[in-house]
Every structure is written in C-alpha cells, then in structure tokens.
Amino acid sequence: RRAREEGQVMAQRPVAPRGRNPEQTGQAAWMATEKVNAELFTLTYGAIVRQVLHDYEDCVEDVNKKLDSMGFEIGCRLIEDFLAKTSTTRCGDFKETAEIVGKVGLRLFLGIGARIGEWNADNTECVITLDTNPLADFVELPERYRDLSYCQMLCGVVRGALEMVSVRVSCEWARDA
C-alpha cells in the first residue's frame with residue numbers, strides 16, 4: 001500500500017477470481033481466444049504426422065517418440081500463453097493440477113472438455129478422458145500403423161507445460177475411441 005501512495009508501481013501476478021470453477025475459467029478463456037478453422041487444424045496435424053512417418057521411414061516407435069518430443073517443446077511454450085490468458089494461480093496439489101489441465105488448458109487450446117477420474121489411492125495418477133478429439137477427425141490408419149499413437153503429441157504438450165511449472169509427470173495415450 002505504501003508503494004502505491006508514493007506513485008510506485010508494484011508488479012503482482014494476477015489472481016484467478018475466487019469462486020470460479022475450472023469449467024467456467026476454461027470456457028471464458030476459450031471465448032476470449034482467436035479461433036482457427038477446426039478442419040484446417042485437424043488436417044494440418046494429420047500432415048505433420050504423415051511427414052514424421054515419412055521422415056522416420058514408417059518406424060512407428062520412433063514416430064511416437066518424435067511426436068511426444070514435438071509436443072513437449074510446444075507445451076514448454078504454451079504454458080506462458082496459458083498463464084497469461086487464465087491468470088491461474090499455483091495449484092495446491094496434483095489433483096487440482098489435473099483439473100486445471102483437463103478443464104481449462106484443453107478447453108483453451110483445443111476447445112474441448114475433459115473428465116478427470118480413476119485416481120489411484122495416493123492421488124498421484126489419474127485418467128483424463130477427452131469429450132471429443134479434434135485431432136482424430138477424418139483419420140483412418142492402415143493396419144501397418146496399428147501401434148502408432150496418433151495423438152501422442154498431446155501427451156508431450158501436457159508434460160512440457162507442467163514441467164515448466166515444476167511438475168514432473170509421465171503421460172501416455174491409452175487409446176483413441
């Protein structure tokens with residue numbers, strides 16, 4: 001208060017509004033964000049996956065690793081945008097962190113909701129289930145790519161973003177619907 005009276009500016013990180021649940025925060029952030037055509041986004045992602053398959057000569061194991069690595073790099077950069085747009089404060093525990101990822105982060109960047117559940121006894125492991133998956137629209141993989149984790153990049157994004165806020169996680173894509 002004294003600094004304000006003397007005309008100095010104090011830099012403070014904005015605080016998320018109290019009483020707002022993650023779904024409301026995610027929806028508000030989504031509504032305030034510039035949108036990209038969904039079909040263009042989906043087809044661009046498909047082209048990226050196809051190019052990585054080509055670059056790694058259809059070695060699915062290496063492609064899965066590369067998609068995860070690419071996602072990690074994206075997540076490391078997206079976290080700054082996420083924090084700026086949502087004014088999210090530090091989460092109290094991993095359970096709260098998972099809720100923010102699933103209900104705010106995925107809504108903000110992909111426009112989708114998610115359910116968080118199947119917690120282990122220690123609340124250190126959970127399942128995040130996407131309501132829809134825009135990355136998998138229009139996708140039919142040939143049998144030779146049955147082990148391809150087509151959306152593995154999303155796991156990398158989650159890992160990268162959380163690592164930037166000092167939360168180390170492992171993340172795996174269980175299955176496409």
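**Entry 1: α3 and α4**

I began with the packing of α3 against α4 in this predicted model. Their axes lie 9 Å apart, and the angle between them is about 130°. An angle that is neither under 35 degrees nor over 145, and that falls outside 65 to 115, counts as oblique, so I noted α3 and α4 as oblique to each other. I also looked up the hand of the crossing of α3 and α4, and it is right-handed. Next I listed the residues that make the contact. On the α3 side they are Y45, I48, V49, V52 and L53, and on the α4 side V63, K66, L67 and M70.

**Entry 2: α4 and α5**

I then turned to α4 and α5. How far apart are the axes of α4 and α5? The distance is 11 Å, and the two helices pack at an angle of about 95°. The range 65 to 115 counts as roughly perpendicular, so that is how I describe α4 and α5. From α4, the contact is made by L78, D81, F82, K85 and T86. From α5, the residues are I100, V104, G105, L108 and F109.

**Entry 3: nonpolar cores**

I looked for the largest nonpolar core next. It has 19 residues, and I wrote down the members that touch the most others: Y45, V49, L67 and L148. Which elements give two or more residues to this core? They are α3 (38-55), α4, α5 and α6. The largest share comes from α3, with four residues. Of the four members named above, Y45 and V49 also stand on the α3 side of the contact with α4, and L67 stands on the α4 side.

I followed L148 further. Leaving out residues up to four places away in sequence, L148 touches V49, L53, V60, V63, N64, L67 and L141. Among these partners, V49, L53, V63 and L67 also belong to the contact between α3 and α4.

Another core lies apart from this one; it has six residues, including F82, I100, V104 and A161. I had already met F82, I100 and V104 in the contact between α4 and α5. As a general note, nonpolar side chains in soluble globular proteins tend to be buried together.

**Entry 4: salt bridges**

I searched the whole structure for salt bridges and got nine. I took notes on a few of them.

Within helix α4 (residues 60-86), I checked E73 and R77. Their salt bridge has its closest N and O atoms 3.3 Å apart. E73 and R77 are four residues apart in the helix, so about one helical turn separates them. Is each partner buried or exposed? E73 counts as partly exposed, at 40% relative accessibility. R77 has 57% and counts as exposed, because the cut-off for exposed is over 50%.

K85 and D81 make another salt bridge, with 3.3 Å from N to O. Both residues lie in helix α4, four residues apart, about one turn of the helix. K85 is partly exposed at 42% relative accessibility, and D81 is partly exposed at 29%. Both residues are also on the α4 side of the contact with α5.

The third one I noted joins the side chains of D58 and R50, at 3.6 Å from N to O. D58 counts as partly exposed, with 32% relative accessibility. R50 counts as partly exposed too, with 41%.

**Entry 5: K103**

I looked up K103, which lies in helix α5 (residues 94-110). Is K103 buried or exposed? Its relative accessible area is 18%, and buried means under 20%, so K103 is buried. I also checked K103 against I128. The two are 25 residues apart in sequence, and 9.7 Å separates them in space, C-alpha to C-alpha.

**Entry 6: positive phi**

My last search was for positive phi in residues other than glycine. F138 has phi near 65°. F138 sits in the loop between β2 (127-130) and α6 (152-164), and at 62% relative accessibility F138 counts as exposed.

S166 also has a positive phi, near 65°, and is not a glycine. Where is S166? I found S166 in the segment after α6. S166 is exposed, with a relative accessible area of 68%.

Note on methods:
Residues numbered from 1 in each chain as written. Predicted model: local features only at pLDDT ≥ 70, side-chain atom pairs only at ≥ 80, totals over all residues. Heavy atoms only, no water. Salt bridge = Lys/Arg side-chain N within 4 Å of Asp/Glu carboxyl O. Buried < 20%, exposed > 50% of the residue type's maximum accessible area, 1.4 Å probe, protein only. Core = buried A, V, L, I, M, F, W, Y, C linked by side-chain atoms within 4.5 Å. Contact = heavy atoms within 4.5 Å. Axes fitted to C-alpha atoms, helices over the stretch in contact; angles between N-to-C directions. Left-handed = near helix turned anticlockwise from the far one by under 90°.
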